[in-house]
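I opened the model today to look up a few surface and sheet details. My entries follow in the order I took them.

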Amino acid sequence: MPELSKSVANIENKLVKPIGDDKILMFNSEIAGIPGIVKLTLGEPDFNVPDHVKDAAVKSIEDNESHYTPQKGIPGLRKAISNYLAKDYDVHYDPETEVIVTIGATEAIYTSLYTIINPGDKILIPTPAFSIYMDDVKILGGTPIEVDTSKDDFKLTPEHLKEVLANEGKGAKAVIINYPCNPTGVVYTKAEVEALADAIRDTPLLVISDEIYSQLVYGEKHTSFASVLPGQTILINGLSKSHAMTGYRIGYIAAPKQFVDEAAKVHSFTVTCPSNPAQYAAQEALANGLDDPIEMRKVYQERRDYIVAELNKLGYETVEPDGAFYVFPKIPAKFNLSSDTFCRRLAKEALVGVVPGDAFGDAGEGFFRISYATSMDNIKEGIKRLAKFTESLS
């Protein structure tokens, strides 16, 4: 096996080298080999892609749709995205000039941040939050500013945002809002979205609104940030969660033309274009499969109701999630365990895999994330083992 020559040993990007591996994936890999472990770690839907969506992917192959597509995505998919957003969320984008199809929401986040960040720019990130936000900002030379929401039921309030802007807001370029939230499952109501928008309106802040879980809401209908602050919002969404299409890697950016013109450059230099079969599958999902998430949502809600009730019985304080498929319980202070130590012991002693809360920023310390994107049998077994582990700690 080749080793890097000493003459080129110092070629690393100094912004990338200090960043460790993604802790969610790293922790999952570390515990995956434990015999008999029940994994409640990853946000990977356990449903199959709907048949009519798979058929559309197969048909594109049979029709020899195997060439480069337009860099912003095939016209039919961009139109389907535009129609879907207008119908479900009353947000309106020109499919020709205001939509980019990306390699999952992950690329949409990176491309959006790459488009706006100059060295030293601050990006506000309410935490606990998906760790990719902080790492992307660092890689691009920006400064992530974590905003601890743990005292406000994991929601960014207008008052807290104003306080942060007053104290640390100089040089702030954007705020990343993710709801339903990974890892907490919290949802912002229409009134809460409007109140936040009022606090942001006419400031220099862009809103990067990651709404990938918007089809998995159990109560009040999802309100898109773009519906109340369209001129300052970069809307990110995709098909991974709504249609269990994680491996298809289709996401998208919808935003004002001036932003999309610049983001499209970054996107084209990075990935050229998404794959044909995935795009045609996504077009089918949005054109003829808007009811597909309904049954999945019902099942997720049943799992949520069960798991929250059981956690409460065991003494784990939990903010009830109103969306996504995660719950973020607090580790009882009497155990005197960090989130990492708690989760490692739970994995090794009780054979249950969950994710330490500190993987989601400093505000996640003292919590852990359970994913209920798995079977009820796995959930029940995991809870049974958690109960015995809790008793042993007590």
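Entry 1. I started with Glu-317, which sits in the loop between helix H10 (292-313) and strand E9 (326-327). The model is a predicted one, and I read the entries below with that in mind.

Entry 2. I asked whether Glu-317 is buried or exposed. Its relative accessibility is 58%, and the cut-off for exposed is over 50%, so Glu-317 counts as exposed.

Entry 3. I then looked up which patch Glu-317 belongs to. Glu-317 is part of a patch of negative charge on the surface. Gathered there with Glu-317 are Glu-146, Asp-148, Asp-152, Asp-153, Glu-159, Asp-362 and Glu-365.

Entry 4. From the loop I moved on to strand E9, and asked what the order of strands is in its sheet. The sheet is open, has 3 strands and runs E9-E12-E11, with antiparallel pairing. E9 and strand E11 (355-356) are at the edges; each has a single partner strand, so one side of each is left without a neighbour in the sheet.

Entry 5. I checked how E11 pairs with strand E12 (residues 368-371). The two are antiparallel and are joined over 2 bridges. Pro-356 is opposite Phe-368 in E12.

Entry 6. Last, I looked at Gly-247, in the loop between strand E7 (233-238) and strand E8 (250-254). Gly-247 has a relative accessible area of 64% and is therefore exposed. I also took a distance from Gly-247 to Ala-172, which is 75 residues apart from it along the chain. Their C-alpha atoms are separated by 34 Å.

Notes. Residues are numbered from 1 along each chain as its sequence is written. This is a predicted model: local features need pLDDT of at least 70, side-chain atom pairs count only at pLDDT 80 or more; totals for chains, interfaces and linings use all residues. Side-chain values use heavy atoms; hydrogens and water are left out. Patches are made of residues with over 30% relative accessible area and no salt bridge: like charges are joined within 9 Å, nonpolar side chains (Val, Leu, Ile, Met, Phe, Trp, Tyr) within 5 Å. Accessible areas come from the Shrake-Rupley method with a 1.4 Å probe; for residues, only the protein chains shown count as cover. A salt bridge is a side-chain nitrogen of Lys or Arg within 4 Å of a carboxyl oxygen of Asp or Glu. Lys and Arg count as positive and Asp and Glu as negative; His and the chain ends are not counted. The place of a charge is taken as NZ of Lys, CZ of Arg, CG of Asp or CD of Glu. Helices (H or I, at least four residues) and strands (E, at least two) are DSSP runs, numbered from the N terminus. Buried means under 20% relative accessible area, exposed over 50%, partly exposed in between (1.4 Å probe, protein chains only). Two strands pair if DSSP finds at least two bridges between them.
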